[in-house]
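This report describes a protein chain and the ligand placed with it. It begins at the ligand, turns to the chain as a whole, and ends with selected residues.

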Amino acid sequence: MIDATVGLGGHAEPLLEADERVRLLGIDRDPRALELARGRLAGLGGRARLVEGRFSALAEIVEATGIGPVAGILADLGMSSLQLDSAERGFSFRFDGPLDMRMGAEERTAADVVNRYSEGDLRRIFRELGEERQAGRIARAIVAARREEPIETTSELRELVYRAKGRGAARRREGRVDPATRVFQALRIEVNQELDGLDRLLESAVRVLDLDGRLVVISYHSLEDRLVKNTLRALARGKVDEITGRPRAETRLIEVLTRKPVRPSPEEIELNPRARSARLRAARRI
Ligand SMILES: C[S@@+](CC[C@H](N)C(=O)[O-])C[C@H]1O[C@@H](n2cnc3c(N)ncnc32)[C@H](O)[C@@H]1O
């Protein structure tokens, strides 16, 4: 099996424990997570192999490691608790930290994006990657503020977003969703180029899967989920024949197993509040 986002090994461990015949290739772009996963999986008889890399390079990683077609591929997208809870990595507005947000060895930090992108580009990423309705206002406020001095920390950015959104934003932050959530999401996706990589992951995954193998993807926000849904549908439909205008049967690579995404039960959310927004979609290689 392949765990394309092995993180701290929370999924890899039960997969390996479930059956002694399971061997697992774990990939993650975050070297600190891999170190912890290595410790956690050490007792499992050397059946896990961990590789630092991006899942967009799945095909190349599989080729380099020489493993054959696999029975299952799992991708649990987004951030690990390790990343979210480390103030110094700047993913979360719950802590004051530098505006970093790099999951691995990316070149650009969130501070680079905030302080260097044009107003138009900031507006575009807040709108497209954050689905933020007040993208224009927030981009304008950022450009005005950085003329005075660079924006360096998560709390400076959060306050700026509150001010740009105006009255009511501060009050609503007591509610369930912080008004700065969408801006932080957009920056994180931009810094880590998350959506580009996901597309490539799914395309390669179906080619690495053995016949009857399963692909399981868990996403945490609607942009990601939509991309997963549409890509899986396209792979299930196959390519259209130019002459007949119908999909060609032999180009259908998968069957989608989840018509609707699987959501966590209230009990699971109570045990693990971060599962709240999770949506799981699965497919079978045919
Ligand atoms: C939600 S966590 C996975 C947690 C894991 N399932 C566990 O049980 O510990 C997501 C992980 O995906 C990694 N990640 C995100 N985008 C990635 C990418 N493009 N390539 C490789 N790893 C990625 C992150 O570094 C993070 O560790």
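A polar contact is a pair of N or O atoms within 3.5 Å. The model discussed here is predicted. In this model, a backbone N or O atom of Phe 55 lies 2.8 Å from a nitrogen atom of the ligand, and this pair therefore falls within the 3.5 Å limit for a polar contact.

**The ligand and its surroundings**

Two further pairs of atoms link protein and ligand. They are listed below together with the pair that involves Phe 55.

| Residue and part | Ligand atom | Distance |
|---|---|---|
| Phe 55, backbone N or O | nitrogen | 2.8 Å |
| Gly 10, backbone N or O | oxygen | 3.0 Å |
| His 11, side-chain N or O | nitrogen | 3.0 Å |

Taken alone, the ligand exposes 600 Å², and the protein buries 92% of that area. The ligand is surrounded by 21 residues, of which Leu 8, Asp 28, Phe 55, Asp 76 and Gln 83 come nearest. By residue class, this shell consists of seven nonpolar, nine polar and five charged residues.

**The chain as a whole**

The protein chain contains 13 helices and seven strands. Its radius of gyration is 21 Å, close to the 19 Å given by the globule rule for 286 residues, so the chain is as compact as a globular protein of that length. Along the principal axes, the C-alpha atoms of the chain fill a box of roughly 60 × 55 × 40 Å.

Of the 286 residues in the chain, 48% are buried. The surface that the chain exposes amounts to about 15300 Å², and carbon and sulfur atoms supply 47% of this area. Among contacts with a sequence separation of 6 or more, 65% are between residues 24 or more positions apart.

**Thr 5 and Glu 52**

Thr 5 is placed in the loop between strand E1 (2-3) and helix H1 (12-18). With a relative accessible area of 13%, Thr 5 is under the 20% limit and therefore counts as buried. A polar atom of the Thr 5 side chain lies 2.7 Å from the backbone nitrogen of Asp 76. Leaving aside residues up to four places away in sequence, Thr 5 touches Ile 27, Asp 28, Phe 55, Leu 74, Ala 75 and Asp 76. Among these partners, Asp 28, Phe 55 and Asp 76 are also listed with the residues that come nearest to the ligand.

Glu 52 belongs to strand E3 (residues 48-52). Beyond residues up to four places away in sequence, Glu 52 touches Asp 28, Arg 29, Pro 31 and Leu 34. Asp 28 is thus a contact of Glu 52 and of Thr 5. The C-alpha atom of Glu 52 is separated by 28 Å from that of Gly 130, and the two residues are 78 residues apart along the chain.

**Leu 187 and Pro 98**

Leu 187 lies in helix H10. Its relative accessibility is 0%, so Leu 187 counts as buried. Residues that Leu 187 touches, not counting those up to four places away in sequence, are Met 101, Val 113, Val 114, Ile 125, Phe 126 and Leu 157. One of these contacts, Val 114, is 73 residues from Leu 187 along the chain, with a C-alpha separation of 8.2 Å.

Pro 98 is found in the loop between helix H4 (81-84) and helix H5 (110-116). At 40% relative accessibility, Pro 98 falls between the limits of 20% and 50% and therefore counts as partly exposed. Pro 98 and Thr 154 are 56 residues apart in sequence, yet 6.1 Å apart in space from C-alpha to C-alpha. Thr 154 is one of the residues touched by Pro 98, including also Ala 87, Glu 88, Arg 89, Gly 90, Glu 152 and Thr 153.

**Backbone angles at two loop residues**

Most residues other than glycine have a negative phi. Glu 131, although not a glycine, has a positive phi of about 50°. Glu 131 sits in the loop between helix H6 (119-130) and helix H7 (135-148), and is partly exposed, with a relative accessible area of 30%.

Gln 193 likewise has a positive phi, near 45°. Gln 193 lies in the loop between helix H10 (181-192) and helix H11 (194-208). With a relative accessible area of 33%, Gln 193 is partly exposed.

Methods: Residues numbered from 1 in each chain as written. Predicted model: local features only at pLDDT ≥ 70, side-chain atom pairs only at ≥ 80, totals over all residues. Heavy atoms only, no water. Near = heavy atom within 4 Å. Polar contact = N/O pair within 3.5 Å; in protein donor to acceptor, adjacent residues only side chain to side chain. Areas by Shrake-Rupley, 256 points an atom, 1.4 Å probe, with all protein chains shown as cover. Nonpolar A, V, L, I, M, F, W, Y, C, P; charged D, E, K, R; others polar. Helix = DSSP H or I, 4+ residues; strand = E, 2+ residues; numbered from the N terminus. Rg over C-alpha atoms; globule rule 2.2 N^0.38 Å. Buried < 20%, exposed > 50% of the residue type's maximum accessible area, 1.4 Å probe, protein only. Contact = heavy atoms within 4.5 Å.
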